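Work through the exercises below with the coordinates open. Each task is followed by a solution in steps.

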Amino acid sequence: MASQDWFDKDFYAVLGVPQDADADAIKKAYRKAARKYHPDKNPGDKAAEEKFKDVSEAHQVLSDPEERQQYDAIRQMARGGARFSAGGPGGPGGGGGFEDVFSSMFGGGGGSRVRFTTSGGGARPGGSPNFEDILSGLFQQNGGYGAPGYGSQGRAGQGYDGQGYGYGGDPFGGYGAPQGPRKGQDIEARTTISFHDSVVGTTATLQSPTGERVTTRIPAGVKDGQKIRLRGKGYAGDPGAEAGDLYLVVTVTPDTVFGRDGDNLTVDLPVSFAEAALGATVPVPTVDGGQVKVKIAPGTPSGRVLRVKGRGVQRKGAPGDLLAKVHVVVPQHLSDAERSAVEVLAAQEAGQDPRAELLARAAAAHRG
């Protein structure tokens, strides 16, 4: 991303940070400014909307180490007096022009000179040079940022923590990018859904920054933090170019009963000592609010997992399962009759040590 505007814009001032600010300070300043000027908090306020775009652009540049380095270099040239020149090497007043600065930087002291004039295909209406064309030709000629892999491919929006939108993509096409209609800018939005809706699927309706109401299907199995791409729902591009994309970031609220392991749902299943020892059939809750019966085999230990087929994430053709983990509940208060029964059991188990094997393995490992 590069623009002649970089000579005029002070992104550090826009975010209110010093030029040596680290990445955390830049992110913190951006989030604060974005929350202040976000269109949702300032409906109809064009000034706030423009300010929001400014801070988004500043954050996009300063949060990317490569773009920040390029921006600092270009701003340094601006402070050093670099300017466009329509004349020859001396230019008016005998001083070196914009071409002299770039020639000395990239062409070497005695190498070939690159000259820019206000005429020809690179000029814009009014006679001013096309800054992107200048950079494109210059960096391609010197093997720099015009190299393949650093071009006009957009990126997902940077976003900020909170409800709303972020701005992303590369609106200037990158150094060395071909000129022509530019794709519209990508945007990012956030939505929050319940754990239940993430399992069975749902729909979300939001209003994009362009004013369009967008309704999309959120598929079953979506995970917390997952992005859903809505092609062509971002900002409009240049005439003849496609619109940008909208990236919807989904936040899933935790559930107090169920957890998730891939497409399987998990639940802790309390059972009594008698149920675990003698066996029983007990109900297990399901994510849709119902119940399903499972059989506890006699002698089931705490920690055993019982599988209920097809009661997990509802993906078409291959739904996940419900995994119920048994937890044997030890009674906290015993009646006299219960205590007597447990004492009878303890007497019958006298001489049986459930820890004997564990201790033997530990001793053998220590000796080895």
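A residue counts as buried when its relative accessible area is under 20%. The model is predicted.

**Exercise 1.** Determine how much of strand 6 is buried and which strands pair with it.

Solution. Apply the cut-off of under 20% to residues 246-252: six of the seven residues of strand 6 are buried, so the strand is mostly covered. Next, take strand 2 (residues 187-193): seven bridges connect it to strand 6, and the two run parallel. One of the partner pairs is Glu188 with Tyr247 of strand 6. Then take strand 5 (residues 227-230), which is antiparallel to strand 6 and joined to it by four bridges. Here Leu230 has Leu246 as its bridge partner.

**Exercise 2.** Check the length of helix 3 against the expected span, then describe its N-terminal end and its buried residues.

Solution. Helix 3 covers residues 46-62, which is 17 residues. The expected span is 1.5 Å times one less than the number of residues, so it should be 24 Å; the end C-alpha atoms are 24 Å apart, which agrees. At the N-terminal end, Asp45 acts as the cap, with a side-chain oxygen 3.1 Å from the backbone nitrogen of Ala47. The buried residues of the helix include Ala48, Phe52 and Val55.

**Exercise 3.** Give the strand order and the edges of the open sheet that contains strand 12.

Solution. The order is 7-8-12-11, with mixed pairing among the four strands. Strand 7 (259-261) and strand 11 (305-308) pair on one side only, which makes them the edge strands. The twist from one strand to the next averages 40°. Strand 11 meets strand 12 (residues 322-329) in an antiparallel pairing of four bridges, with Val308 opposite Leu322.

Terms used. Residues are numbered from 1 along each chain as its sequence is written. This is a predicted model: local features need pLDDT of at least 70, side-chain atom pairs count only at pLDDT 80 or more; totals for chains, interfaces and linings use all residues. Side-chain values use heavy atoms; hydrogens and water are left out. Buried means under 20% relative accessible area, exposed over 50%, partly exposed in between (1.4 Å probe, protein chains only). A polar contact is a pair of N or O atoms within 3.5 Å; within protein, one must be able to donate a hydrogen and the other to accept it, and residues adjacent in sequence count only if both atoms are side-chain atoms. Two strands pair if DSSP finds at least two bridges between them. Axes are lines fitted to C-alpha atoms, for helices over the stretch in contact, and angles run from 0 to 180 degrees between N-to-C directions.
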